[in-house]
Amino acid sequence: MIGNIRQQASGWLVNVAIAMTALRTNLMRSILTTLGVMIGVFAVTLAVAVGSGAQVSVMQSINALGSNMALIFPQPDTGEGGRRSFDRGRLTMRDARAIEKQISGIDDIAPQLRSNIQLIVAGRNASTNAVGTTPGYGKVSNLVAENGRFISDADVRSAARVVVLGPTVARKLFGDFDPVGETIRINRAPFTVIGITESKGSSFGNDNDDIALMPISTMRQRFSGDSLAGPDDLQMLFVGFQDGISLPDAKREMTKLLRERYRVRGKDINPFTIRTTEEFMKESAQVTGIFQIVLVAIASISLLVGGIGIMNIMLVSVTERTREIGLRMALGAKRSDIRNQFLVEAAVLCVIGGAMGLILAIAGGTALTVYADFPVPIGVGVGVGAIIFSAFIGLLFGGYPAVRASRLSPIEALRTE
Amino acid sequence: MALVETQDLVKKYELGGETVRAVDGVSLSIERGEYVAIMGASGSGKSTFMNMIGCLDIPTSGIVRIDGIATSDRDGDALAELRNQKIGFVFQQFNLLARTTALDNVAVPLIYAGLGTEARREKAKAKLEEMGLGDRLDHSPAKLSGGQQQRVAIARALVTDPVILLADEPTGALDSKTSEDIMQIFESLNEQGITIIVVTHEAEIADHAKRRIEFRDGKVIEDVAVNNRQKVSS
């Protein structure tokens, strides 16, 4: 048994040796054929890597939001269809307090108002997205003050004119100078900078650091008076949950609570929308999955062309070596021996091409990561997969020429000049 | 039991709408240890006949038995095995693999016999040494003379220890001096008990054999024992 396996292994090694000799004999042709597979494997490998890179970066973006969180908007949820009983969305501070009190497993909540603001200091100005919120915001969205402090409950109670800046805004206004304690003007009112947030990078092409945070009470008084219908309205509510809490369950409970509060009946549309980070992740995974499939499909076309090149050259090789095939048959080669010889030759061509394509893809991926700041992970799995896939391409496209070689009649093959 | 036996062997070809009977009802038997020359003009059917007893070509009708085995009962793979184990081929154009050393050329049949690398090298080396090419193991055919190449081919034919050596015009591409060397080798192989069947159109080559079979138009027209070795060999 072991002897038999060793014999078979040695048989395959012989085929590899025969293949190498044959490929060296037509070196230029072999290189050009290999090039086709190389480009194909390069394209497919890079497409796979870019796709999974996109997935990674999307997940990072969602994690930057806060990992176990629900977002509630005052927008009628038209997703399910049904009768629309409200002309506009509803979400108030009282709803937020009710949720905090009645739903279990909540870590913290962060009611929000948002507005675009102008910041001016010493002749420099910047416009940014301001968020009026409560101390809970820091906890829910994993945001900490790297320098100075975050908004406090006292700030919220007194509607203090304080602001926490994101690193991008701080850099625009103050350069490298530490702005904590400085006074800036926001829409003509003086504000004290109390802190700078830690950098959170960017998600979906948005700079997460281009932000200014202030107490929600301050925001309500100064910037969003007319855009809201009621004095207690919110534009968004983050609800952070403790680890291990089931988000779908929590969403169901919150929906039930809010429906009761707004007396939504039966199939009527809710005046609010609840989304969880879990849903975002699922949707994004779907989108990036489709993106990846499209990329790989396009790249596969080049691999297909490479494979056709392999088939073409193998047919030429079989034709050129008809006499050799006849001789081998005369010397005792079975059909399977001849078939395997040419299959191995095609696979060797493809694996060499695949290995070169893989190296190229690793180089391309590294370049993308370094210069475009886009993660392109080519793991061991992708590498091994690329090589195995190349061998498979060889067997697939080398199959027909190999079978054709194996079906030659020994005497006719021998007579070929 | 005869080593090679044919009964009413027929091979027909369709050529330009006409049926050519290349071999037309040949029945003969060759015993173990014989040295047979098959003669005839080109187109006489001698090569076709040899291809059929070499299991390279399939008869239209009739029977070929090699060492008691009827080839018509066998499929392609079984015939490949039969060729590998019982028959050694020597061709006019040597048919050595280019860019492949003498040693590796000789080892080719042993690959298909399923031997491991070491065993193959050992046996191939021994056969090449028997052929006086012990110092040419790593030479590719391009670096060998015609006579040396044919000796490599003979070593290859013999490496699986077959019972029959089939040679199709083995000296057709060689000068007369070298041809003589090859014939000497055949004679000594025959003395060692190997059955040799040589296809040739040269009388001097046929004269080395012990039996001469002459083909014309696909039929045997003469089948005689010869004994004139003294005259030819020096």
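What follows is a walk through a predicted model of two protein chains, A and B.

Let us begin with the overall build of chain A. Its secondary structure comprises 13 helices and 12 strands. A compact globule of 417 residues would be expected to show a radius of gyration near 22 Å, yet the value for chain A is 33 Å. You can see the outline in the box that its C-alpha atoms fill, roughly 100 × 55 × 40 Å along the principal axes. Of the 417 residues in this chain, 48% count as buried. When we look at contacts with a separation of 6 or more in chain A, 79% of them join residues 24 or more positions apart.

The surface of chain A is worth a moment too. Its accessible area comes to about 20200 Å², and carbon and sulfur atoms account for 58% of that. The chain carries 42 positive and 35 negative charges, and the mean positions of these two sets are 5 Å apart.

Now turn to chain B, which has eight helices and 10 strands. Here the globule rule works out as follows: a compact globule of 234 residues would have a radius of gyration near 17 Å, and the 18 Å of chain B agrees with that. The C-alpha atoms of chain B fill a box of roughly 50 × 45 × 40 Å along the principal axes. In this chain 55% of the 234 residues count as buried, and residues 24 or more positions apart make up 71% of the contacts with a separation of 6 or more. The accessible surface of chain B is about 10100 Å², with 45% belonging to carbon and sulfur atoms. Its 27 positive and 35 negative charges have mean positions 2 Å apart.

With the two chains in view, we can look inside. In soluble globular proteins, nonpolar side chains tend to be buried together. In this model, the largest nonpolar core has 69 residues, and B:Phe49 and B:Ile197 are the ones with the most contacts inside it. The largest share of this core, nine residues, is supplied by helix α11 of chain A, which covers residues 335–372. A second, separate core holds 65 residues, among them A:Val156, A:Val162, A:Phe174 and A:Ile186.

B:Ile197 makes a good vantage point within the largest core. Setting aside neighbours within four places in sequence, B:Ile197 has contacts that include B:Val4, B:Ile30, B:Val36 and B:Ile38. Also in contact with B:Ile197 are B:Met50 and B:Ile53, and both of these residues are buried members of helix α1 of chain B.

That helix deserves a closer look. Helix α1 of chain B spans residues 46–53, and seven of its eight residues are buried, so the helix is largely enclosed by the rest of the structure. Its buried residues include B:Phe49, already met as one of the residues with the most contacts in the largest core. Just after this helix comes B:Cys55, with a positive phi of about 60°, although B:Cys55 is not a glycine. B:Cys55 sits in the loop between α1 and β4 (61–66) of chain B. Its relative accessible area is 4%, so B:Cys55 is buried, given that the cut-off is under 20%.

Chain A offers a helix to set beside this one. Helix α6 of chain A (residues 167–174) is mostly covered, with six of its eight residues buried. Among the buried residues are A:Pro167, A:Val169, A:Leu173 and A:Phe174, and A:Phe174 also belongs to the second core. Just after α6, A:Gly175 takes a positive phi of about 65°.

Finally, let us visit some exposed positions on chain A. A:Ala122 lies in the loop between β2 (106–121) and β3 (124–133). A:Ala122 has a positive phi of about 45° although it is not a glycine. With 81% relative accessibility, A:Ala122 counts as exposed, because the cut-off is over 50%.

A:Lys282 is found in helix α9, residues 277–320, and is exposed at 61% relative accessibility. A:Lys282 and A:Met59 are 223 residues apart in sequence, while their C-alpha atoms are 9.8 Å apart in space. A:Asp373 belongs to the loop between α11 and α12 (380–406) and is exposed as well, with a relative accessible area of 68%. Between A:Asp373 and A:Ile269 there are 42 Å from C-alpha to C-alpha, and the two are 104 residues apart in sequence.

Terms used: Residues numbered from 1 in each chain as written. Chains lettered and ligands numbered in written order. Predicted model: local features only at pLDDT ≥ 70, side-chain atom pairs only at ≥ 80, totals over all residues. Heavy atoms only, no water. Helix = DSSP H or I, 4+ residues; strand = E, 2+ residues; numbered from the N terminus. Rg over C-alpha atoms; globule rule 2.2 N^0.38 Å. Buried < 20%, exposed > 50% of the residue type's maximum accessible area, 1.4 Å probe, protein only. Contact = heavy atoms within 4.5 Å. Areas by Shrake-Rupley, 256 points an atom, 1.4 Å probe, with all protein chains shown as cover. Lys, Arg positive; Asp, Glu negative; His and termini not counted. Charge placed at Lys NZ, Arg CZ, Asp CG, Glu CD. Core = buried A, V, L, I, M, F, W, Y, C linked by side-chain atoms within 4.5 Å.
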